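User: Hey, got a minute to walk through this one with me? I'd like the overall picture before we poke at single residues.

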Amino acid sequence: MVGSSEALFDYIAAELAKFVAEEEENFHPLPGFSIDDMVGKDVAELTKAMQRQGIGMRVSALVNDTVGTLAGGRFSNKDVSIAVILGTGTNAAYVERAQAIPKWHGPLPKSGEMVINMEWGNFRSSHLPLIEYDHAMDTDSLNPGEQIFEKISGMYLGEILRRVLLRMAEEAAIFGDEVPPKLKSSFILRTPDTSSDLRVVGDKLKDILEISNTSLKTRR
């Protein structure tokens, strides 16, 4: 999604209003975007967006999804100390002794512990092998040079697969003499479209890429 922060907040509020309307009495509130002007924006603007939608709620806290996952696990089990997100993106958070954090210079929390949000999606190292498809994916992304580790996982897997298939179609004619037009469309394949089930592979090739009658050998 590309747009303004106001459009983003209105979208979130509208979807929340839709959810509340569908759930009615069963709903009990619990305590891949590029937005031009989002940096530095007060997310309390979301409260105003909810007011525009007529929702009687307000934003009281903003929590990173990984930290929120850790908090949820910790609430149920005090022994939980690590949370990992493997979804649209990837990240991890863990509980660390406050005294072991050299960058922390403020007062120590009463618990003696702090949560470290690793943001490991931005991990980059010579020990992390990147092939030409990864470099091309990064170059064509909304944030080149950033979140490198994340771009070899999550929402990008379908697009990486499309690029591999496109090259195979161009250089090895895997789908015949003509390159399927749909295969040239960026992000036409989503990560959920990938499968190890060859029957599902055949269906996806037909329904999404309009490639029919593929052989078992081709699908393998």
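**Walking through the model**

Analyst: Sure. Of the protein's 220 residues, 27% count as buried. Keep in mind that this is a predicted model.

User: How many helices and strands does the protein have?

Analyst: Seven helices and five strands. Going from the N terminus, the elements come in the order β-α-β-α-α-β-β-β-α-α-α-α.

User: And the confidence, what's the mean pLDDT?

Analyst: The mean is 85, with 90% of the residues at 70 or more.

User: Where does pLDDT stay under 50?

Analyst: Over residues 27-31, a stretch for which the model has four contacts beyond four places in sequence. Where pLDDT is low, the predicted coordinates should not be read in detail.

User: Fair enough. On to the sheet: what's the strand order?

Analyst: S3-S4-S5, three strands in an open sheet with antiparallel pairing. S3 and S5 are the edge strands, each pairing on one side only. On average, neighbouring strands are turned by 15 degrees against each other, ignoring direction.

User: How many bridges are there between S3 and S4?

Analyst: Five, between S3 (residues 82-86) and S4 (residues 90-97). A hairpin of three residues links the two strands. For the register, Ile-82 sits opposite Tyr-94, and Ala-83 faces Ala-93.

User: What about the other side of S4, what joins S4 to S5?

Analyst: Five bridges again link S4 to S5 (residues 113-117), and these strands run antiparallel. There, Glu-96 is opposite Met-114.

User: Which helix lies across those strands?

Analyst: That's H3 (residues 65-76), which lies across S3, S4 and S5 and runs at about 55 degrees to S4.

User: Switching topic. Which residues make up the largest nonpolar core?

Analyst: There are eleven: Leu-165, Leu-166, Ala-169, Phe-175, Leu-183, Leu-189, Val-201, Leu-205, Ile-208, Leu-209 and Ile-211. H5 and H6 are the elements that give two or more residues to this core, and H5 gives the most, with three. There's also a second, separate core of seven residues, including Phe-9, Ala-17, Ala-49 and Met-50.

User: Anything general to say about that kind of clustering?

Analyst: In soluble globular proteins, nonpolar side chains tend to be buried together.

User: Back to the largest core then. What does Leu-209 touch?

Analyst: Leaving out residues up to four places away in sequence, Leu-209 touches Pro-180, Lys-182, Leu-183, Ile-188, Leu-189 and Lys-204.

User: And Asp-193, is that residue buried or exposed?

Analyst: Buried, because its relative accessibility is 8% and the cut-off is under 20%. Asp-193 sits in the loop between H5 (157-172) and H6 (198-207).

User: What does the Asp-193 side chain have a polar contact with?

Analyst: The side chain of Lys-204, at 3.4 Å. Lys-204 also shows up among the residues Asp-193 touches, along with Ile-188 and Ile-208, if you skip anything up to four places away in sequence.

User: What about Asp-197, where is that one?

Analyst: Asp-197 is also in the loop between H5 and H6. Asp-197 is partly exposed, because its relative accessible area is 29%, and partly exposed runs from the 20% limit for buried to the 50% limit for exposed.

User: How far apart are the C-alpha atoms of Asp-197 and Arg-219?

Analyst: They're separated by 9.5 Å, with the two positions 22 residues apart along the chain count.

User: Arg-219, does anything else touch that end? I mean, what does Thr-214 touch?

Analyst: Thr-214 touches Arg-219, Gly-202 and Leu-205, not counting residues up to four places away in sequence. Thr-214 is in the loop between H6 and H7 (216-219), and counts as buried at 15% relative accessibility.

User: Last one: where's Tyr-133?

Analyst: In H4 (residues 132-139). Tyr-133 is buried, with a relative accessible area of 16%.

User: Which residues does Tyr-133 touch?

Analyst: Ile-160, Arg-163, Val-164 and Arg-167, again leaving out residues up to four places away in sequence. The C-alpha atoms of Tyr-133 and Ile-160 are separated by 6.5 Å, though the two residues are 27 apart along the chain.

Conventions. Residues numbered from 1 in each chain as written. Predicted model: local features only at pLDDT ≥ 70, side-chain atom pairs only at ≥ 80, totals over all residues. Heavy atoms only, no water. Helix = DSSP H or I, 4+ residues; strand = E, 2+ residues; numbered from the N terminus. Buried < 20%, exposed > 50% of the residue type's maximum accessible area, 1.4 Å probe, protein only. Polar contact = N/O pair within 3.5 Å; in protein donor to acceptor, adjacent residues only side chain to side chain. Contact = heavy atoms within 4.5 Å. Pairing = 2+ DSSP bridges. Core = buried A, V, L, I, M, F, W, Y, C linked by side-chain atoms within 4.5 Å. Axes fitted to C-alpha atoms, helices over the stretch in contact; angles between N-to-C directions. pLDDT = per-residue confidence, 0-100.
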